[in-house]
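Morning, everyone. I want to walk you through a few helices today. Have a look at the screen first.

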Amino acid sequence: MMNGHGQSDGRIVSKKSPNKPKGAEEMERRRPAEGNGRQSPILRTQSREKRMKETLERIREAVRRDRKAKLTALYHHVYNINHLREAYYGLKRNGAAGIDGETWQHYGQNLEENLQDLSERLGRRAYRAIPVRRVYIPKGDGRQRPLGIPALEDKIVQSVTAKILSVIWEEEFLGFSYGFRPGRSPHQGLDALTVGIERKRVSWVLDADIQGFYDSLSHEWLLRFVEHRIGDRRILALVQKWLRAGVLEDGTWTQSEEGTPQGGLIRPVLANIYLHYVFDLWAHRWRRSNARGDVIIVRYADDFVVDFEHREEAERFQGALIERMSKFELRLQSEKTRLIEFGRFAATNRAKRGERKPETFNFLGFTHCCGKTRKGKFCVLRQTVQKRMRAKLREVKTELKRRRHEPVPEQGKWLRVMLLGHYRYYGVPRNSPALGAFRQKVVLLWRRILKQRGQKSKITWERMTRWVKCWLPYPHICHPYPAIRLCVRT
């Protein structure tokens, strides 16, 4: 294996297979013969990508060979200068700077020297994590959400480490976990939930949310969970540095006693590892040993939904879940955790009891309702959460005010990109009315802002209609029906 200085350090994750002699040339990096011309930048870039890809594949093979063994030789992959370089190019170009003030462009002016210095500091264990700069952004309900901005070098090192941890635990994670995993998306989780409700005999939905999960998980438990597969103490020390780096706000440093590093690229992976041991494995065992009826579990990060066939099982699960969370210093958010009657038979059963139609629940930006197709068959209606729509319209209004005096074509181009992004996420079957309402409200906002450009500006509806047809695309459904996509994927 090549280290960050181009020399062989003799450490590998997996052995070469004697049955595949042609792979020896791929695993042994031979020096080019003298006289060969220097490779082009494109070839060097492809070689770097292939090298990182090969490293992750070898780690994956080692994990698959022995699912209980701890990996003890991983740290040299972190300070490999080629891996650091690839991580740098994978960062956002316009990302905000941390407390060190270093931007992506400025760091890249002397990229090789900076990466060489970073690699050497990591190699001799002199790397120090920098506190996260905290800022606040407005939430949809008017409150302020804290946002952490790490230093650039912390982002680079966290990116490499996150890839290594992710490839290890991808072999461990269960199928109903969809949050922040490669090859998985929120819509896949939504598809699994919808198809499960429509096909299985579930009638009760436990919609749960963990209160302040990212800021309250235990460092002690997290490190113990990471130690299940990581035997390299240097990796554990690196994770511990980020956990203890703290937060800098208005010139005041606050030590982090709990929670994951805000804004860090390592944060989603650590959160998934934590919930894998706290919730996923436990819920899977509970479903297999305690449930008589159908049980469906879908988790995306700290937001999860569990569907049950029998109410008594749902109540027993909820009580056991509260105890389970408290054991690991977590608790459910009471106002966002509900057990409701929902499913194929919910409307009929409630009508027999003289009750109103089934309640709804929100998951991943969609309000889920009990509905029927044109043929009278039960289906799950997914509509844009009104709270999310109002928050997005406020963002559009603020941005239009900032762009008030720009030319109409420039405003139209921005609105077009914004609408297409909205359609790409919320464009699910049977959500066309909500998409149409959102577009109409954007039209009204745009006209109101244009009329405020000056007293002489007269924006007639005839003129506005031409601009709208030119720049604002009509709503369209971007996603297939859940059952179709789920069948194709599985």
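Let's start with a crossing. Helix α8 and helix α19 cross with a left-handed sense. Keep in mind that this is a predicted model.

So which residues are these? α8 is residues 186–199, and α19 is residues 482–489. Their axes come within 9 Å and cross at roughly 110°. That makes α8 roughly perpendicular to α19.

Now the contacts. On the α8 side, you have His187, Gln188, Asp191, Ala192, Thr194, Val195 and Arg199. They meet Pro482, Ala483, Arg485, Leu486 and Arg489 in α19.

Stay with α8 for a moment. It has 14 residues. First C-alpha to last, α8 reaches 20 Å, close to the 20 Å expected at 1.5 Å a residue. How many of its residues are buried? The count is 12 of 14, so α8 is mostly covered. Among the buried ones are His187, Asp191 and Val195, which also appear in the contacts with α19.

Next helix: α13, residues 311–327. This one has 17 residues and reaches 25 Å between its first and last C-alpha, close to the expected 24 Å.

Which residues of α13 are buried? Glu313, Ala314, Phe317, Leu321, Arg324 and Met325. They cover an arc of only 95° around the axis, which puts them on the same side of α13.

What do they pack against? Four strands, β3, β6, β7 and β8, plus helix α12.

Last point. After α13 comes Glu329, with a positive phi near 65°.

That's my tour. Over to you.

Key. Residues are numbered from 1 along each chain as its sequence is written. This is a predicted model: local features need pLDDT of at least 70, side-chain atom pairs count only at pLDDT 80 or more; totals for chains, interfaces and linings use all residues. Side-chain values use heavy atoms; hydrogens and water are left out. Helices (H or I, at least four residues) and strands (E, at least two) are DSSP runs, numbered from the N terminus. The expected span of a helix is 1.5 Å times one less than its number of residues. Buried means under 20% relative accessible area, exposed over 50%, partly exposed in between (1.4 Å probe, protein chains only). The arc is that of the directions from the helix axis to the C-beta atoms. Contact means heavy atoms within 4.5 Å. Axes are lines fitted to C-alpha atoms, for helices over the stretch in contact, and angles run from 0 to 180 degrees between N-to-C directions. Angles under 35 degrees count as roughly parallel, over 145 as roughly antiparallel, 65 to 115 as roughly perpendicular and the rest as oblique. A crossing is left-handed if the near helix is turned anticlockwise from the far one by less than a right angle, and right-handed if clockwise.
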